[in-house]
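I have a structure open on my screen and a fresh notebook page. I'm going to jot down what I look up, one entry at a time.

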Amino acid sequence: MKMAKLLGAICTSHIPAIGNAIARGTQDEPYWKPFFESYPPVREWLAQVDPDAVVMIYNDHGLNFFLDKMPTFAVGAAPEYCNDDEGWGLPTLPPFRGDPKLSWHVIEQLVHDEFDVTTCQEMLVDHAFTVPISLLWPDRSARRFGTVPVAINTVQHPLPTPARCYALGKAIGRAIESYPEDIGVVVVATGGMSHQLDGERAGFINKAFDLHCLEKIVDDPRVLTDMSIRELVREAGTQGVELIMWLAARGALDGKVTKLHSHYHIPVSNTAAGLLLLSANGRPDPKPLDSGPLS
Amino acid sequence: MTDMKPVPHEIPGTVIFDGVEAQKGYALNKMCYSFNSSGNRLAFMRNEEAYCRAYGLTAEQRDAVRRRDVLALVHGGGNVYYLAKLAGIFGLGVQDIGAQQTGVTVEEFRARLAVAGG
């Protein structure tokens, strides 16, 4: 019987400045080198597992969604996803291929699982979607996969709780594993780590909390899913709540996982940058990669 | 952090962009959202005051736009994701607005971030 395989999950920051550094080709400059150097091991893993589809769990920052209609969870179901002008100068990238058949399967399963998502047959994808793809697959010709975008609201409170996002991820994982095609799927969650752009506390970064997250999300995510959104804002900053995307990706794998790579670096722009690669247990597992330094 | 302390309603220096803020800042954020279009950015630059009035900004919000005062815009219901599009028109990035909101120079703000790396 045909059945899709969930191969693993990648959690990565999506800071716009990374997109600018890629566009300008400044990855080897001293400011950027320690950050970009942490990605090749993940790219090697991706080349090995060579996914047919990628579920992108991210948050829109006011490109596709405005406050007139703000879905808590939205799933794309389009043949392709366009990037567009976000207003502050990041170059617009060519469209990204979708996988409408997998999208509709995920939507059917999520709603069956009582996640009443918004479905989008047209959906602009912003830097939170595009920057991680540029980082993970710098060579566009290597992107033979279709994408399924899953957007989580982090703009307007109330935001979905960390526990709810983990549960959404679990349902996404179940949906992938019940897809009756012999394909390999990777889940990518984008955002974080601690940062705050607004208010008198702008520039807030909490290294201790980020390192705590990088550790607990692997073996004891319950510690994080027990937090409220307000606790998360206090510990990680107003935009550090993007950790909820990471928790959704972790939920997709559920159970025990193997950490293949992680990296932490301060600062990229106003943000602590984090990277984590987890493989699903019981999957054909390439040899563990060397973990990056914790700078 | 298993021993989380109870979270007070207020987190110092932090605005939770909830329903109250989203209503207060709707017109302001809608104007900023329009700046995804380069044509709208040009129209704003041609006549800021008229553009702000067309979107129905309050006198306080219009004044904050005139003064490029990001903190006043945040307290006026602006959400930073939309405000970033307005700041971009003024040539201000997230580090510039971080410095402005915390009353330090951009160099000092950057140094503070580097220190957070420990």
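My entries on this structure follow.

**Entry 1: what I'm looking at**

I note at the start that this is a predicted model. So I keep in mind that every value below is computed from a prediction.

**Entry 2: chain B on its own**

I began with chain B. How many helices and strands does chain B have? I found 9 helices and 0 strands. Reading chain B from the N terminus, I just wrote α nine times: α-α-α-α-α-α-α-α-α.

Next I looked up its dimensions. The C-alpha trace of chain B spans about 50 × 35 × 25 Å along its principal axes. Chain B has 118 residues, and 39% of them count as buried. I also checked contacts between residues at least 6 apart in the sequence of chain B: 54% of these join residues at least 24 apart.

**Entry 3: two helices of chain B**

I picked helix α8 (residues 94–102) and helix α9 (residues 106–116) of chain B, whose axes come within 8 Å and cross at roughly 100°. That angle makes α8(B) roughly perpendicular to α9(B). On the α8(B) side I listed B:Gln95, B:Asp96, B:Gly98, B:Ala99 and B:Thr102, and on the α9(B) side B:Val106, B:Glu108, B:Phe109 and B:Arg110. Sorted by class, this contact has 3 nonpolar, 3 polar and 3 charged residues.

**Entry 4: the sheet in chain A**

Over to chain A, where I traced an open sheet of 8 strands with mixed pairing. I wrote down the order as β6-β3-β7-β2-β8-β1-β10-β9. Which strands stand at the edges? They are β6 (118–120) and β9 of chain A, each with a single partner strand, so one side of each has no neighbour in the sheet. On average, neighbouring strands here are turned by 15° against each other, ignoring direction.

I then looked at each edge. At one of them, β6(A) runs parallel to strand β3 (residues 73–76) of chain A, and 3 bridges join the two. One pair I looked up there is A:Val75 with its bridge partner A:Thr119 in β6(A).

At the other edge, β9(A) pairs with strand β10 (residues 271–280) of chain A in the antiparallel sense, over 9 bridges. A:Thr258 has A:Ser279 in β10(A) as its bridge partner. The two strands form a hairpin with 2 residues between them, and A:Ser269 in the turn has a positive phi of about 55°.

Is β9(A) enclosed or open to the outside? I counted 10 buried residues out of 12, so β9(A) is largely enclosed by the rest of the structure.

**Entry 5: A:Leu110 and its helix**

I clicked on A:Leu110, which sits in helix α4 (residues 100–112) of chain A. Why does A:Leu110 count as buried? A:Leu110 has 21 C-beta neighbours inside 10 Å, and the cut-off for buried is 20 or more.

Leaving out residues up to four places away in sequence, A:Leu110 touches A:Val75, A:Phe115, A:Val117, A:Ala171 and A:Ala175. I'd already met A:Val75 as the bridge partner of A:Thr119. I also checked A:Pro30: it is 80 residues from A:Leu110 in sequence, and the two lie 44 Å apart in space, C-alpha to C-alpha.

Two of those neighbours, A:Ala171 and A:Ala175, turned up again in α6(A), where A:His105, A:Val106, A:Gln109 and A:Leu110 of α4(A) meet A:Ala171, A:Ile172, A:Arg174 and A:Ala175. The residues of this contact divide into 5 nonpolar, 2 polar and 1 charged. The axes of α4(A) and α6(A) come within 9 Å and cross at roughly 125°. These two helices are therefore oblique to each other, and their crossing is right-handed.

**Entry 6: α9(A) and the contact with chain B**

Last stop was helix α9 (residues 229–236) of chain A, which is mostly covered, with 6 of its 8 residues buried. Those are A:Ile229, A:Leu232, A:Val233, A:Arg234, A:Glu235 and A:Ala236. They pack against α6 (162–177), α7 (207–219) and α10 (243–253) of chain A. Right after α9(A) comes A:Gly237, with a positive phi near 95°.

Then I looked at where the chains touch: 37 residues of chain A and 39 residues of chain B take part. On the chain A side, α7, α9 and β9 (257–268) each supply at least two residues. α9(A) gives the most, with 5 residues. By class, the chain A side has 13 nonpolar, 13 polar and 11 charged residues.

Note on methods:
Residues are numbered from 1 along each chain as its sequence is written. Chains are lettered from A and ligands numbered from 1 in the order in which they are written. This is a predicted model: local features need pLDDT of at least 70, side-chain atom pairs count only at pLDDT 80 or more; totals for chains, interfaces and linings use all residues. Helices (H or I, at least four residues) and strands (E, at least two) are DSSP runs, numbered from the N terminus. Two residues are in contact if their C-beta atoms, placed from the backbone, lie within 7 Å. Ala, Val, Leu, Ile, Met, Phe, Trp, Tyr, Cys and Pro count as nonpolar, Asp, Glu, Lys and Arg as charged, and the others, Gly among them, as polar. Two strands pair if DSSP finds at least two bridges between them. Axes are lines fitted to C-alpha atoms, for helices over the stretch in contact, and angles run from 0 to 180 degrees between N-to-C directions. Angles under 35 degrees count as roughly parallel, over 145 as roughly antiparallel, 65 to 115 as roughly perpendicular and the rest as oblique. A crossing is left-handed if the near helix is turned anticlockwise from the far one by less than a right angle, and right-handed if clockwise.
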